[in-house]
Structure formats: C-alpha cells, structure tokens
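Biologist: Please take me through this model slowly, and whenever you use a technical word, set the value beside the cut-off that earns it.

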Amino acid sequence: LHSRDQSFHEPHAPEVIVSPNSTEEVSGVLRYANEQHIPVTPWGAGSSLEGNPIAVNGGIMMNFVNMAAIVDTRPDDFQVDVQPGVTRLELNKALSRYGLFFPPDPGANASIGGMIANNASGIKTIKYGATKDNVMRMEVVTANGEIIHVGTLARKDSSGYDLLHLFIGSEGTLGIVTQATLKLAPLPAKFSAVMAAFEDVPSAIRTVVDVVGAGLEPSALEFMGMETIRVLKRDKGLEAIDAPTILMEFNGSNDDAGLNEALEICKANGSINIQTAPGQEARNKLWSIRHGTYESLLREHPNKSQLHLDAAVPVSKYPELVAFTQSMLVEYELLGYIYGHAGDGNLHCNMIYEPDNHEQFQRCKTANARIVEKAISLGGTATGEHGVGIGKRHYIVEQHGAALDVMRQIKMTLDPNGILNPGKIFL
Ligand code: LAC
Ligand code: ZN
C-alpha cells in the first residue's frame, strides 16, 4: 500500500513505515535518520501522479495517518489550522458548517500535506489559485529535526525571504510540514455549469481563450477531447455528444452575468451543442464525472499502462500546445486522451501503452518529451500541478537552467545528507 502512488512509476517498498503522533515525534525520527543517513519519505494519501512519494531508496516512510486533526478554525479570519494528514474532502466537510471551504481541488481526495508538498491545484485554480496561494503559515521540521515556523497569519508580509513558498512545492525534499494555516473562502450560494461542444478542437480552444480574455471569472474552465468524452459517456453515463467540449462553472452570490456572456462567446465560436446544468445537483454530477476522469481512463484500459502529460503554458499559447500534442499522437502512432484545465493553460494527455511493450513505451516517452519541450519553448512548464517527482526530472534541467543549481544549493543547505525524499526533483 505504501510502495506506489497512482502513477505508472515502478513501485518500491520502504524498509519501515512510521506514523508519528506529534511534531516532536517527527523531529525525533528526523534527527535519528539524519545522524544515521537513512532516507525519509513523507506519505500523504498516495494519490500523486508522478511517483512523488515512492521510497525509491527504501528507508523510512513517514505516514501522517495519526496527524490528521483539524486543530483550530477561525471563521472570522477565514483561516483553519490543520495537521498534514487530513484529507481535502474531510476538511471541506468539517468547514461547511461555517459556510467556508478550502478551494484548491486536485480531484483526488489528497491529503493537505501532499497538496502542500506538490503545490497541487486543479479545477478551481482559475478563480482561487493553487495551493501556494491558499497557505499562510506552516510549521516545518527540517532534516536535522529542527522545528521552524514560516509565513504569518497576517494577510500581508514583507519580513524577509519567503520561506513559506520555498517549502510549498518542494515535494518533501527540504523539510516536513507538520501543521499549516490555510486560507479559506466563503462557500458560494449559487452555481451554474455549462458544457459546450464544438465541431473541432480549434473552435473549442478559441472559446477558452476568449472567455479568459473577456475577463469573465469562471470558477472552472476545462477542455475535453472527443475521445475523452466518449470514455466518460461509456463509463459514467455522461450525457454529451461526441465532440471536443469545454466545461465551465460560474459561482457567486447572486447573478449569472458571467455565464450569459460565456454562452454568447460559445455561440459566436460556433458551438454545436450547449447544455447548462443550473443548480447545485446538476453541477455536482457534472463535476464528479470530471473529477473521476483519470480513474475512468484507467478503467477503460484495465491491462494497459498510461503515461501522463501535465504541461502548462500561457493561455494564449494553449491552442498551439493542444495542436502540437495531437500531431505527436499521430506521428508516434499512439492512443492518447486529451483533457485539461484549459483556463490555466494546463494540458493533460494520458498515453496508453502495453506494460511489457518497451518500444511502445519509448514512443510515449519521446512524444511526451517533445510536448514538454514545446510547452517550455512557449514560456511554460514541464508540470503544472503534479510535481517533478520522478518523471519530470529530465525536463526541469532545460526549464530552469542555471536556476536549478541554485535549487541544488538550497537543497544542500537544508538537507546536507540528502535524507529527505531522495531521488525526486533532481536527477
Ligand atoms: C486531472 C488530474 C489528472 O486533472 O490532474 O484529472
Ligand atoms: Zn489536472
């Protein structure tokens, strides 16, 4: 259960799993591991997609099942203090009684610690930002067992280096988060969702760019290729036509102004079918199907493996990235399912291969590499939300250039013995 995440990366078991009960116990384990040079890999919910928590060098796996408390909720400040093991859905259920929620939404029921480690985002990012935009303060244990606090409870802060955001997204390679203060948002009173289908991919993607360009504020703006739509119809009974489709959500306190303007943009771009899902129930159904897309694709190909693209570019370059991705699937004769958080310029493509077909796997890897290189050349990134983990280590060399050496120096300073989640981020 602790040797693999949800990705295709090869499993590797740790030697021992520890489940600390307190920050002091985390500190004690790290102090010992640092003295003995034993790898320590933190484990949240195991829902990551880039091998991020696989203990590739064995050693100690630190599981946060016993540190999953919601410590203090302060509704007047829109803040909550949590331990890292609490999951997103548990947290949001508990917050709903205050009319509040923690907006970052990667789809999976990830742990908050894992979301912080990978700077997770997903469907709500276009309106609410990624995890890094919704964390205020953290308690972190460094490799030598020292307990430090980074960030502040104030909304503004100019007090020195921004260590908070150094640790967020560091994938457990710089320190282990033992408590975090999260920024909350009011639960919107009204939701409306719309699904618009288009004759071809360019008109669907142009609509995405136009909606963002019009300054509307959708709370989600997703793209799905026709093959992905077909799978969701079969697997989840999605009612849709077989065509490239965009999914949008608008939420807020009263009006649907954004929605109406967005509908006009869909029509102007020649949408061939528009379905609205007014109200919470219809909207929940639609988004639960979207949330389960990755699992639907796994079910569609039960005996195959899937390599998973997560590139992101400025939204105006999204059409080029999607077109390039399609051309790569053709060139390398691959079956791939395209979808993504289009409003953020974040594209996914699940490429299917036979687990023991090495030649086909190499084609997937080459196609993936070329798409990532394209994204970087368009000013984007090798990974929008899944993290570097194991699979993106090659690509960040090109993406970051000399800045990667600075990252290495930071790693050397904070974890000189290299015990924290070794084998990730850096080759
Ligand atoms: C999603 C995951 C795969 O967007 O990032 O469904
Ligand atoms: Zn995603």
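**Contacts, burial and the zinc site**

Modeller: Beyond its neighbours within four places in sequence, Ser7 is in contact with Ser48, Leu49, Glu50, Gly51 and Tyr294, where contact means heavy atoms within 4.5 Å. This is a predicted model, in which local features need pLDDT of at least 70 and side-chain atom pairs count only at pLDDT 80 or more, whereas totals for chains, interfaces and linings use all residues. Residues are numbered from 1 along each chain as its sequence is written, chains are lettered from A and ligands numbered from 1 in the order in which they are written, and side-chain values use heavy atoms, with hydrogens and water left out.

Biologist: Why is Ser7 called buried?

Modeller: Buried means under 20% relative accessible area, exposed means over 50%, and partly exposed lies in between, with a 1.4 Å probe and protein chains only. Ser7 has a relative accessible area of 4%, so the residue counts as buried, and its place is in the segment before β1 (16-18).

Biologist: What makes the approach of the Ser7 side chain to His9 a polar contact?

Modeller: A polar contact is a pair of N or O atoms within 3.5 Å; within protein, one must be able to donate a hydrogen and the other to accept it, and residues adjacent in sequence count only if both atoms are side-chain atoms. The side chain of Ser7 reaches the backbone nitrogen of His9 at 3.2 Å, and therefore the pair falls within that limit.

Biologist: What makes His341, His348 and Glu385 donors of the zinc ion (ligand 2)?

Modeller: Donors are N, O and S atoms within 2.8 Å of the metal (3.2 Å for Na, K and Ca), and water is not among the atoms, so sites may look incomplete. The atoms here are NE2 of His341, NE2 of His348 and OE of Glu385, lying 1.9 to 2.1 Å from the zinc ion, so they meet the definition. Along the sequence these donor residues are spaced H-x6-H-x36-E. His341 and Glu385 join distant parts of the chain, 44 residues apart, with His341 in strand β16 (residues 336-341) and Glu385 in the loop between α12 (358-377) and α13 (393-400); helices (H or I, at least four residues) and strands (E, at least two) are DSSP runs, numbered from the N terminus.

Biologist: How do you know whether these donors are buried or exposed?

Modeller: The relative accessible area is 3% for His341 and 3% for His348, while Glu385 stands at 9%, so each is classed as buried. His348 lies in strand β17 (residues 346-353), and its side chain makes a polar contact of 3.3 Å with that of His341.

Biologist: Which residues surround ligand 1, and what makes the shell mixed in class?

Modeller: A residue is near a molecule if one of its heavy atoms lies within 4 Å of it, and those around ligand 1 are Leu49, Arg290, His308, Tyr339, His341, His348, Glu385 and His386. Ala, Val, Leu, Ile, Met, Phe, Trp, Tyr, Cys and Pro count as nonpolar, Asp, Glu, Lys and Arg as charged, and the others, Gly among them, as polar; the shell has two nonpolar, four polar and two charged residues. Oxygen atoms of ligand 1 lie 3.0 Å from a side-chain N or O atom of His348, 2.8 Å from a polar side-chain atom of Glu385 and 2.7 Å from one of His386. Taken alone, ligand 1 exposes 220 Å², of which the protein buries 93%, by the Shrake-Rupley method with a 1.4 Å probe, where only the protein chains shown count as cover for residues.

Biologist: Why is Glu25 called partly exposed, and Glu333 exposed?

Modeller: Glu25, in helix α1, has 37% relative accessibility and so counts as partly exposed, whereas Glu333 has 66% and so counts as exposed. Glu333 sits in the loop between α11 (318-331) and β16.

Biologist: What makes the phi of Glu333 worth a remark?

Modeller: Most residues other than glycine have a negative phi. Glu333 has a positive phi of about 50 degrees although it is not a glycine, and Asn421 likewise has a positive value, near 40 degrees. Asn421 is found in the segment after α14 (403-414) and, at a relative accessible area of 2%, is therefore buried.
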